[in-house]
Amino acid sequence: MADALFENKLIVGPSPHVGTCDSVSRIMWSVVIALVPAFFVAALNFGLYAVAVALVSIITAVIVEAAVQKFRGVPITVSDGSAVVTGLLLAFTLPPDVPLYIPVIGSAFAIGIAKHAFGGLGCNIWNPALAGRAFLLAAYSSNIVMTKWPILGTPFTGNVAIDAVTKATPLAVLKTAPLAFFKSYSLMELFLGRIAGSMGEMSALVLIIGGLFLIFKGYINWRLPLGFILTVAVLTVLLPVRDSHGEFIVLWRHLDTVGFNQIIGISLAQVLSGGLMLGAFFMATDMVTSPLSGRGQLIFGIGCGVLTAIIRLYGGYPEGVCYSILIMNTAVWLIDKHTVPRFFGARK
Amino acid sequence: MKTFKDGGIHPPEMKQLSKDSKLERIELPKQLIFPVSQHIGAPAKAIVSVGDEVLKGQVIAEANGFVSVPIHASTSGKVVTIEPRTTVLGKICDHIVIESDGQDKWSEENKRSREWKDLGKDKIKSFIKDAGIVGMGGAAFPTHVKLSPPDDRPIDTLILNGIECEPYLTCDYRLMMEKTKGVIEGLRIIMKVLGVERAIIGVEANKQDAFEAMRDACWADDGISAELLKVKYPQGAEKQLIEALIGREVPPGKLPLDVGVVVQNVGTAYAVYEAVTQSKPLIERAVTVTGDGISKPANLIVPIGTPISDLLQRQGVNPKTKKLILGGPMMGIAVPTPEFPVTKGTSGILALMKIPNYMPGPCIRCGKCVSVCPLRGMAAEMVAAIEAGQVEKYEHLHVLDCVECGTCTFACPSHRTLVHYVKQAKAEYQAWKAEQQNKK
């Protein structure tokens, strides 16, 4: 009698019987959406070729992910968007005029080695896109494919003057002659994205908008990007930089000669240049490769900031975002171990 | 408005389905089923035999030890079967089946009314014990045990739990609205037993009217106050409620009485009131029958032992129901058949048609489980250790201190069944611990 109450067998399963409507794929596609404005800026500045670079990178990532999963005999999960995110982020770290085999190799390394050799989604130690970029940088630096930045053509035409690198990049200026920075660049150019650089790091404005969207959705923790960016801003003022004679000076000690506005300007220029916004909002915040707790994420962000500032000011590369995040990725287990929140009621 | 500090979630409340339906006494069921184990602690021992005639309120199984309670017939009739069956929790114990005679005749012992204020503490406690009262919020822990704190643990605060943070459930809400005086009187009785001067009634802001009813009913009592709390799951969990109301944290492995607090559910207070003032044992309880698979969601007064199928039929159950849950959707148990009876701990019956069809994926270390855990546990790391079989890490990671509220699992975007891992790990740990001791 009782069994006649129901047409089908009742489903039994462990509690809770309700759950969030969030999902991994929703998170990943939200990241893609958050990156769309930056993608438009890249297309606007560099034209259709940049779009092609991004598409090649994404398509390679998806194909390699599917192939590796098929080979590993695990479910194929390319629709969750995580490979798309990796492909897009990798493209964003590339010069917009790279030959198309570069994103193919980078994406294949990112997905095939950096992600799946470690066990796939959730198991990788390093951010796949950054690992892919680091691989490309090591493999193709000698023939300057990876370190040559085209200056901008006019919007919409994509008129990239490939061989016409006439101006030192903002980060190079900030490293060698920060006090002369505002002779060649303005903060507004950096903010809106009218400065040479890799595809996705053009406009700080659109990256911040995308990042705020992810913070608002609860997909990234504000502590991490804030810790990262603020640390870079502060260290720029506190650490010795080269003055006009090539001597190291600490900016805040020369407040009278350098001027308050110039110091803040240089600090802001550091923050708005290069891949910092892209790295702080979209790469360092990669869930898989960042710490679990809020406190851990803050420490992680600050660590990224310290390493970025040191590499930028004293390192062999003009930009340190990529390596700083990769190094901090390596230290995540250590941060996690030491930032376990005090359990409810446990002794302090 | 107060609430507990860390973590917590806001699952859809779904209380509107049944919140306005007044408590309604159901018709006498034809057959009632009494598992001798429907509380935490030693199962009761059957003292009737097949063929015995029993009266309403008569003891049919007696307490078997201190942490145990007797079970009473909830109507008059004849014992037709006593046999081992499986309970909802998967325990096998004797089930006493009684066929109702339709008379609903009370036993002689249960006709007295009493003036409790003249009674001593121990006397009142013995009435509570003899009435078979257990915590009615779901855990079903014997109430007299909770009211017997050791002498070296002075209790200064009694908290009345009117939170009902599980989605869907509204029976505690109805009790506070309709049985206000009885609940408050039960609270006063418990205060006397514990000898405490202060009692706080906690109600969540989604039950503003119940809060007002309770507040207005206790305004003349110096020691009793009512507090409206911000809605957040799992505020009804003892540890969270204590922290929310008076800021004390119960240490891992300890009980509320270790921080000088006893928490009682409003349903329990009402049962205490009925037991002490009317000598009525715990033979019925308020149950919410609801869900999208129920055509007439309701709050019912149900004799203990009533088969769930009776209630489902009474309120109109959709045959396409996919999941049948005893309790709320966060901590309740999905049952494979409606043949189980309502027991002392059954607060709700949910028939759900729309259930999420989740495919658990890998952990992406998003940290959501960590940020929502009300106990500040590292669920992701716990489950990583559990998956790797690292039993020796469980204690350090507080796997054993998890209260299984389901918050982490609710929030997991990868839809991993984290709580389920933890439940299994606890059993695994006990086995491992025993093995370690044997080695020594």
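This is a short dialogue about reading helices, strands, cores and interfaces in a predicted model.

Q: Let's start with a helix. Which residues of α5 (residues 208-217) of chain B are buried?
A: A general idea helps here. An α-helix has 3.6 residues a turn, so residues three or four places apart point the same way. In this helix, the buried residues are A210(B), F211(B), A213(B), M214(B) and A217(B).

Q: Why are they on the same side of α5(B)?
A: Look down the axis: they cover an arc of only 160 degrees around it, which puts them on the same side of the helix. Now turn to the other side of α5(B), where Q208(B), D209(B) and D216(B) are exposed.

Q: And what do the buried residues of α5(B) pack against?
A: Their partners are both helices and strands of chain B: α3 (171-178) and α4 (180-194), together with β9 (157-162), β10 (198-204) and β11 (224-229).

Q: You mentioned β9(B). How does β9(B) pair with β12(B)?
A: Strands of a sheet pair through backbone hydrogen bonds, either parallel or antiparallel. For β9(B) and β12(B) the sense is parallel, over 5 bridges. To find the register on screen, start from T157(B), which stands opposite V261(B).

Q: How many residues of strand β12 (residues 261-265) of chain B are buried?
A: The count is 5 of its 5 residues, so to speak a mostly covered strand. In a regular strand the side chains alternate between the two faces of the sheet. Here V261(B), V263(B) and N265(B) lie on one side, V262(B) and Q264(B) on the other, and both faces are covered.

Q: Now for a sheet with edges. In what order do the 4 strands of the open sheet in chain B come?
A: Read them as β2-β8-β7-β4, with antiparallel pairing. The edge strands are β2 (31-35) and β4 (53-54) of chain B; each has a single partner strand, so one side of each is left without a neighbour in the sheet. For β4(B), that partner is β7 (residues 77-86) of chain B, joined to it by 2 bridges. V54(B) stands opposite G77(B) there.

Q: Let's move to the nonpolar core. Which residues of the largest core touch the most other members?
A: Among its 233 residues, these are I190(B), M214(B), V272(B), C369(B) and A379(B). We met M214(B) above as a buried residue of α5(B). Helix α1 (residues 24-46) of chain A gives the most to this core, with 11 residues. For a local view, pick A379(B): beyond four places in sequence, its contacts are C369(B), V370(B), C373(B), C408(B) and L418(B).

Q: How many residues of chain B are in contact with chain A?
A: On the chain B side there are 59, facing 35 residues of chain A. Elements that each supply at least two residues of the chain B side include α8 (308-315), β15 (323-326) and α12 (418-439). By class, the chain B side has 34 nonpolar, 15 polar and 10 charged residues.

Q: What about the domains within chain A? Where do they lie in the sequence?
A: The assignment gives domain 1 as 24-140 and domain 2 as 170-338. Their C-alpha centres are 23 Å apart, and 30 residues of domain 1 are in contact with 28 of domain 2. On the domain 1 side, α1(A) has the largest share, 11 residues. That side is made up of 23 nonpolar, 6 polar and 1 charged residues.

Terms used. Residues numbered from 1 in each chain as written. Chains lettered and ligands numbered in written order. Predicted model: local features only at pLDDT ≥ 70, side-chain atom pairs only at ≥ 80, totals over all residues. Contact = placed C-beta atoms within 7 Å. Nonpolar A, V, L, I, M, F, W, Y, C, P; charged D, E, K, R; others polar. Core = buried A, V, L, I, M, F, W, Y, C linked by C-beta atoms within 7 Å. Buried ≥ 20, exposed ≤ 12 C-beta atoms within 10 Å, placed from the backbone. Domains from an automatic or database assignment. Arc of directions from axis to C-beta. Pairing = 2+ DSSP bridges.
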